[in-house]
Amino acid sequence: MGEITNVTEYQAIAKQKLPKMIYDYYASGAEDEWTLQENREAFARILFRPRILIDVSKIDMATTVLGFKISMPIMIAPSAMQKMAHPDGEYATARAASSAGTIMVYKDRRVVEQLVRRAERAGFKAIALTVDTPRLGRREADIKNRFVLPPFLTLKNFEGLELGKMDQASDSGLASYVAGQIDRTLSWKDVKWLQTITTLPILVKGVITAEDTRLAVENGAAGIIVSNHGARQLDYVPATISALEEVVKAARGQLPVFLDGGVRRGTDVFKALALGAAGVFIGRPVVFSLAAAGEAGVRNVLQMLRDEFELTMALSGCTSLADITRNHVITEADKLGVMPSRL
């Protein structure tokens, strides 16, 4: 194996190393996988307007997220079942970066309360509430493979919570299990309720429209993660980078907006920040690098993205995140003549 020079190369290694059922679970998207492809391709259609002859000898990538100072605006998305990728699973990932906690809302409210208390005790700094999964998307690879959790794994967070276990099913064992557990009645009142049981800031993950952004603000969310669940839920929703600006404009600076989905390069990070994101989350690159090389793989992914992002900033004439503006990029809309004011 030659030297890894970019984040995407880990996917091919993970494909060789992992059993087909597990690789397909991580890699696949919903139905035709149009959004899965679009999450990447939409980034490729955004071009740069770099500024020159600026002293870029010192570059500061540090930022503050929910009151915590971090070294760069690149964070790790909540991704489930990482032990399928590597025996160290989430431990390795947490060691490679201080992670934010995530929960899924289950039918039994007591269960959610127990998970929140557990997250607080474990020192988690925020809760990401995934709101785009009232039902599991149709992931045909999982159906073909009859995906079921490998026998050596358990859903550790739910141990002792009387949730039953994932059995072999005629389609996807995961889909059948989740169908039995997820609360389809989840609504904005539950976001309010969650705030009554914890002081941790709540990030609403899965917002892609202006309408829902305004509701997130009204209902006291601490932040929004623009996400389409890695293109694993509703196919033919826009790429997250395409939905970002609509959400940012609707948020009107009242809460931070983050982006999740399709980030594979430092250039992607820069594009997201230029369009108003306060930071990005990475998911699949973490899982694939974990499968390929454990904790060292995740560290390397974070380092490569950091190095690429720093280089992009230098070549664009930006020495701090505050220097990155909307004027540094050209989107599809701009090319069609819907140019934003650049003066």
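This tour moves through a predicted model, from a segment close to the start of the numbering to a pair of helices and then to the strands.

Begin by selecting Asn6, which lies in the segment before helix α1. Asn6 is buried, its relative accessible area being 13%, which falls under the 20% limit used for that word. If you then display its surroundings and set aside the neighbours within four places in sequence, the residues in contact with Asn6 are Arg265, Met304 and Glu308. For one of these, Glu308, the C-alpha atom is separated from that of Asn6 by 9.2 Å, although the two residues are 302 apart along the chain.

Next, select helix α1 (residues 9-17) together with helix α12 (residues 284-316), whose axes come within 10 Å and cross at roughly 170°. That angle makes α1 roughly antiparallel to α12, because angles over 145 degrees are counted in that class. On the α1 side, show Tyr10, Gln11, Ile13, Ala14 and Lys17, which make the contact with Phe288, Ser289, Ala291, Ala292, Gly297, Asn300, Val301 and Met304 of α12. Coloured by residue class, the residues of this contact divide into eight nonpolar, four polar and one charged. Met304, part of this contact on the α12 side, is also one of the residues in contact with Asn6.

Now turn to strand β10 (residues 279-282), where Gly279 and Phe281 point one way, Val280 and Ile282 point the other way, and all are buried. In a regular strand, side chains alternate between the two faces of the sheet. Which strands should be added beside β10? Strand β4 (residues 74-76) runs parallel to β10 and is joined to it by three bridges, with Ile74 standing opposite Val280. Strand β9 (residues 257-260) is likewise parallel to β10 and is also joined to it by three bridges; here Asp260 has Phe281 as its bridge partner in β10. Adding helix α11 (residues 266-274) to the selection lets you follow β9, α11 and β10 as a right-handed β-α-β unit.

Finish at strand β6 (residues 127-130), and ask whether its residues are buried or exposed. Both faces are covered, since Ile127 and Leu129 on one side, and Ala128 and Thr130 on the other, are all buried. To see a pairing of this strand, add strand β7 (residues 202-205), which pairs with β6 in the parallel sense over four bridges; within that pairing, Ala128 stands opposite Leu203 of β7.

Definitions and conventions. Residues numbered from 1 in each chain as written. Predicted model: local features only at pLDDT ≥ 70, side-chain atom pairs only at ≥ 80, totals over all residues. Heavy atoms only, no water. Axes fitted to C-alpha atoms, helices over the stretch in contact; angles between N-to-C directions. Helix = DSSP H or I, 4+ residues; strand = E, 2+ residues; numbered from the N terminus. Parallel < 35°, antiparallel > 145°, perpendicular 65-115°, else oblique. Contact = heavy atoms within 4.5 Å. Nonpolar A, V, L, I, M, F, W, Y, C, P; charged D, E, K, R; others polar. Buried < 20%, exposed > 50% of the residue type's maximum accessible area, 1.4 Å probe, protein only. Pairing = 2+ DSSP bridges. Right-handed = clockwise from strand over helix to strand, strands pointing away.
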